[in-house]
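Biologist: Before we discuss any details, could you show me the sequence and the structure together, and then take me through them one feature at a time?

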Amino acid sequence: MRRLLVTGGAGFIGSNFVRYWINRYPDDRVVNLDALTYAGNLESLQAIETAPGYRFVPGDITDRECVDRLFAEEAIDTVVNFAAESHVDRSILGPDAFISTNIHGTFTLLEAATAAWQDASQEQRFLQVSTDEVYGSLAPDAPAFTESHAYAPNSPYSASKAASDHLVRAWHETYGLPVLTTNCSNNYGPYQFPEKLIPLVILNALEGKPIPVYGDGMNIRDWLYVDDHCSGIDAVLQGGRPGDVFNIGGINEWRNIDIVRLICERLDELRPGTGSYQDLITFVTDRPGHDRRYAIDATRMRADLGWQPAHDFETGIEATLQWYLANLDWCDRVRSGEYKNYYQNQYGERTPIP
Ligand code: NAD
Ligand code: TYD
């Protein structure tokens, strides 16, 4: 039986992971520490909130006292650190929170785990959930990122994640903390906050708003269904050795414009309007420092851990579309308030490219 501290478990991937874990390992303890920023939503956890092993704690990962108390009260043996500021565009508009949560927050968790795990047993694990964005941008024909690719982050978000990954590595090398790091590609699926590309496109289309495509729309991302990320983290927790790094991805590279068109085409069938949703596609000023291409080489996940994704893009995007269509009220609720200010700052002044 494991005793997990999941940070950021009310966010997109964290909430999918908490549900995943409780459904698979109902005897485990799962303590979810989340500051409930604009991106955190307890409604995403309704399905498991009364599960016997589950506890939600509102709190900040930069709060050492709070983290220490949880290690002591709950005899935590496994940390899965999802808590982060996660949106590149927000990191460009205001990087402060990224430095605080992603760097100082990870540092706080590392210090607390090092202090709490003085009697090291083989079972303790600190898993840092990171991103392929730390590797920077790939040329069109360059091989996909392996675990030994040099870090070259380009946005305040990816730089802050890179910094936290370096801290995690150092706490292993220096203090012997049993850490694991996963670098995953872009996730999509249910409960993703609708500021990220896929849910933003779905909702703008349904609401008849312009669908903003940055630059020429030819930037490439490697998309993984969120449940496959959860099963990948599970595989790393079970089979990874302290200090290991794993790249998680689904060999699923798409140009942004092709994804946007695909979603519009499918919505034309599922929710036909007067014209095609594609008419709403609007090319707008590019994101500064916009990475051209990400692609993950997940050979190590397959070879060492036997992991592979269960969803292909066709089934994953269909499940995602169906989920958003059935949960438009969730979208309304998470977008109320603060998000409206963000949307105005991000897109209000953005010049459409004719
Ligand atoms: P998200 O923005 O949806 O959720 C982040 C969660 O962290 C929210 O619930 C928020 O309330 C919480 N949080 C923020 N600051 C906090 C703090 N100081 N203390 C406690 N909780 C805090 O993010 P996500 O998309 O679910 O990403 C989760 C993790 O996975 C992040 O570390 C991100 O870097 C990483 N990741 C994301 C993707 C992706 O495509 N979304 C891909 C690879 C890796
Ligand atoms: P996003 O979902 O923000 O993820 P990330 O920047 O972490 O990869 O964006 C995915 C891609 O879609 C990225 O190349 C930027 C682009 N994009 C748009 O073209 N328009 C948008 O409104 C958004 C949010 C993203």
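Biologist: Which helices and which strand each supply at least two residues of the shell around ligand 2?

Modeller: Keep in mind that this is a predicted model. A residue belongs to the surroundings of a ligand if one of its heavy atoms lies within 4 Å of it. Read that way, helix 3 (88–93), helix 6 (197–206) and strand 8 (211–214) each give at least two residues to the shell around ligand 2, and strand 8 gives the most, with three residues.

Biologist: Which residues come nearest to ligand 2, and how is its shell divided by class?

Modeller: Of the 18 residues around ligand 2, those that come nearest are E133, R221, R287, H290 and Y347. By class, the shell around ligand 2 holds seven nonpolar, five polar and six charged residues.

Biologist: What polar contacts should I look for at ligand 2?

Modeller: A polar contact is a pair of N or O atoms within 3.5 Å, and it helps to note whether the protein atom belongs to a side chain or to the backbone. From the side chain of E133, a polar atom lies 2.5 Å from an oxygen atom of ligand 2, and an N or O atom in the side chain of R221 is 2.7 Å from an oxygen atom of ligand 2. Y214, in contrast, uses a backbone N or O atom, which lies 2.9 Å from an oxygen atom of the ligand. Of the 510 Å² of accessible area that ligand 2 has on its own, the protein covers 97%.

Biologist: Where does ligand 1 make polar contacts, and how much of its accessible area does the protein cover?

Modeller: The reading is the one we have just practised. A polar side-chain atom of K161 is 2.6 Å from an oxygen atom of ligand 1, while polar backbone atoms serve at T37, at 3.0 Å from a ligand oxygen, and at L36, at 3.4 Å from a ligand oxygen. The protein covers 96% of the 840 Å² of accessible area that ligand 1 has on its own. Two or more residues of its shell come from each of helix 1 (12–24), strand 5 (125–131), helix 5 (156–175) and strand 7 (186–188), with the largest share, three residues, from strand 5.

Biologist: How many strands form the open sheet that contains strand 5, and in what order do they lie?

Modeller: For a sheet, one reads the order of the strands and the sense of their pairing, and then looks for the edges. Here seven strands form an open sheet in the order 3-2-1-4-5-6-10, with parallel pairing. Strand 3 (54–58) and strand 10 (245–248) each have a single partner strand, so one side of each is left without a neighbour in the sheet. From one strand to the next the twist averages 20°. At one edge, strand 6 (residues 179–184) pairs with strand 10 over four parallel bridges, and N183 stands opposite N247 in strand 10.

Biologist: Which strands does helix 1 lie across?

Modeller: Helix 1 lies across strand 1 (3–7), strand 2 (29–34), strand 3 and strand 4 (78–81), and it runs at about 165° to strand 1. Helix 2 (residues 64–74) also lies across strands 1, 2, 3 and 4, running at about 170° to strand 2.

Biologist: What is the pairing in the sheet with the order 7-9-11?

Modeller: The pairing in this open sheet of three strands is mixed. Strand 9 (residues 220–225) and strand 11, for example, are antiparallel over three bridges, and I220 has R255 in strand 11 as its bridge partner.

Technical notes:
Residues numbered from 1 in each chain as written. Chains lettered and ligands numbered in written order. Predicted model: local features only at pLDDT ≥ 70, side-chain atom pairs only at ≥ 80, totals over all residues. Heavy atoms only, no water. Polar contact = N/O pair within 3.5 Å; in protein donor to acceptor, adjacent residues only side chain to side chain. Areas by Shrake-Rupley, 256 points an atom, 1.4 Å probe, with all protein chains shown as cover. Nonpolar A, V, L, I, M, F, W, Y, C, P; charged D, E, K, R; others polar. Pairing = 2+ DSSP bridges. Axes fitted to C-alpha atoms, helices over the stretch in contact; angles between N-to-C directions. Contact = heavy atoms within 4.5 Å.
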